[in-house]
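Grab a coffee and open the viewer. Here are a few short exercises on helix faces and charged pairs, each with a worked solution.

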Amino acid sequence: FSPRRGLILAAVRGRHLLGFSLTYAVDAAAYHDRVYVAGQGLANKVPVCLFHAFATLVSRRPQVEELMHGVHVRDDEGLCEFKRRIGLVVTPLPARAWFAGGLDGLLRRARPQQYYRVTGRG
């Protein structure tokens with residue numbers, strides 16, 4: 001498959017695909033959007049290698065000022081720790097969400113991760 005825009009980065013060992021990522025840039029921001037890695041790729045630190053390749057490529061573009069590595073998933077502690085170790089920080093973006101009376105609290109209790117993704121608030 002071929003994205004209409006962006007770049008696919010892949011990690012290959014011999015004839016085996018260990019993982020790949022989908023990346024693109026918009027204005028001053030570069031997005032390491034989706035990362036797919038096989039079990040063998042995790043053991044070989046492929047996510048770090050793909051991010052490093054991505055960061056190296058976009059560092060050559062003077063107009064790129066920010067890197068984004070997917071969305072913040074609070075309940076995936078392994079992913080959060082990985083992002084902290086490579087120097088990424090969570091930057092809240094302004095968002096406005098409105099829920100019909102009472103649904104705000106109900107959604108916050110029933111589906112806290114989805115509520116966080118929509119509102120940016122815990």
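For accessibility, the cut-offs are these: buried means under 20% relative accessible area, exposed means over 50%, and partly exposed is whatever falls in between. Keep in mind that you're looking at a predicted model.

**Exercise 1.** Sort arginine 34 and aspartate 33 into buried, partly exposed or exposed, and work out what links their side chains.

*Solution.* Start with arginine 34: its relative accessibility is 45%, so it counts as partly exposed. Aspartate 33 comes in at 28%, which makes it partly exposed too. Now check the charged ends: the two side chains meet in a salt bridge, with 3.9 Å from N to O. The cut-off for that call is 4 Å. The structure holds 4 salt bridges, and this pair is one of them.

**Exercise 2.** Find the partner of glutamate 81 in a salt bridge, and explain how the two are placed along their helix.

*Solution.* The partner is arginine 84, with the closest N and O atoms 3.3 Å apart. Next, count along helix α3 (residues 77–85): glutamate 81 and arginine 84 are 3 residues apart, so about one helical turn separates them. Here's the general rule: an α-helix has 3.6 residues a turn, so residues three or four places apart point the same way. Finally, accessibility: glutamate 81 is partly exposed at 33%, while arginine 84, at 53%, is exposed.

**Exercise 3.** Do the same for aspartate 104 and arginine 108, then say which residues salt bridges with shared partners join into one network.

*Solution.* The side chains of aspartate 104 and arginine 108 meet in a salt bridge at 2.7 Å, N to O. Both residues sit in helix α4, 4 residues apart, or about one turn of the helix. Aspartate 104 has a relative accessible area of 24% and is partly exposed; arginine 108 is partly exposed as well, at 35%. As for the network, salt bridges that share partners tie Glu81, Arg84 and Arg85 together.

**Exercise 4.** Work out which residues of helix α5 are buried, why they end up on the same side, and what helps cover them.

*Solution.* First, list the buried residues in α5 (residues 112–119): Gln113, Tyr115, Tyr116 and Thr119. They share one side of α5 because they cover an arc of only 160 degrees around the axis. Then look at what lies over them: the cover includes α4 (103–110). One last stop is just past the end of α5, where glycine 120 takes a positive phi of about 80 degrees.

Note on methods: Residues numbered from 1 in each chain as written. Predicted model: local features only at pLDDT ≥ 70, side-chain atom pairs only at ≥ 80, totals over all residues. Heavy atoms only, no water. Buried < 20%, exposed > 50% of the residue type's maximum accessible area, 1.4 Å probe, protein only. Arc of directions from axis to C-beta. Contact = heavy atoms within 4.5 Å.
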